[in-house]
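Welcome, and please open the model in your viewer. We will take it one selection at a time.

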Amino acid sequence: YKITAKSQLRASFAKGFRAPQAFDTDLHIAFSGGGVAITAIDPNLKPEKSVSYTASYDYNYPHQKYIYGFTLTGFLTHLNETFVLVEQPVAGSGTNTELLRTNGSDATVKGITAEARLNYNYRIEIDLGWTFQNNRFDDPVQWSNSTPATKEFLRTPGHYGYFALN
């Protein structure tokens with residue numbers, strides 16, 4: 001929705017799913033520690049489903065020699081039947097473990113992103129942005145037998161950003 005000649009609002013809604021499968025990244029993670037781990041798929045594994053909402057405000061100020069602007073975006077995604085890897089020992093192998101891909105509890109990913117941009121006379125362009133997000137499972141997940149259960153997503157930062165100068 002165009003509010004003025006320089007600003008607009010955007011909103012979106014999306015639904016998605018991820019089919020049951022083993023991922024290449026699972027193998028890299030298993031071997032990175034030097035151990036051997038097999039990734040197995042739970043025979044009762046259901047697709048992971050998501051519902052996402054996004055809203056943003058965009059402002060751009062054009063001038064004869066420059067343009068600058070910013071965007072503020074809020075997002076919320078609810079995941080159902082999330083995929084989790086549960087560590088379990090392989091029977092009779094001693095130290096080898098099996099990673100079972102199974103369904104965990106529901107989860108929520110939400111946050112806000114702020115971005116800014118400047119282009120001066122087509123000679124210098126600066127883009128930067130920062131995202132703050134919170135990723136939580138509804139119920140704690142026991143990722144490994146050697147670590148406590150947690151509601152936090154592993155390998156996912158709570159904030160991150162970028163900067164580009166051209």
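Strands here are DSSP runs of E, at least two residues in length, and they are numbered from the N terminus. Keep in mind as you look around that this is a predicted model.

**First stop: a strand and one of its residues.** Select 124–141, which is strand 8. Now pick out L128, a residue of strand 8. Is L128 buried, partly exposed or exposed? Its relative accessibility is 35%, and partly exposed covers the range between 20% and 50%, so L128 counts as partly exposed.

**Second stop: the surface patch.** Keep L128 selected and add Y120, I124, F163 and L165: these five residues form a nonpolar patch on the surface. Together they have about 480 Å² of accessible area. Which strands each supply at least two residues of the patch? They are strand 8 and strand 10, the latter spanning 159–165.

**Third stop: the loop.** Move to the loop between strand 7 (107–120) and strand 8, and select N121 there. Most residues other than glycine have a negative phi. N121, though not a glycine, has a positive phi of about 50 degrees. With a relative accessible area of 26%, N121 is partly exposed.

Next, select Y122, which is found in the loop between strand 7 and strand 8. What is the phi of Y122 near? The value is near 55 degrees, positive in a residue other than glycine. Y122 has 78% relative accessibility; exposed means over 50%, so Y122 counts as exposed.

Methods: Residues numbered from 1 in each chain as written. Predicted model: local features only at pLDDT ≥ 70, side-chain atom pairs only at ≥ 80, totals over all residues. Heavy atoms only, no water. Patch = residues over 30% accessible without salt bridge, like charges linked within 9 Å, V, L, I, M, F, W, Y side chains within 5 Å. Areas by Shrake-Rupley, 256 points an atom, 1.4 Å probe, with all protein chains shown as cover. Salt bridge = Lys/Arg side-chain N within 4 Å of Asp/Glu carboxyl O. Helix = DSSP H or I, 4+ residues; strand = E, 2+ residues; numbered from the N terminus. Buried < 20%, exposed > 50% of the residue type's maximum accessible area, 1.4 Å probe, protein only.
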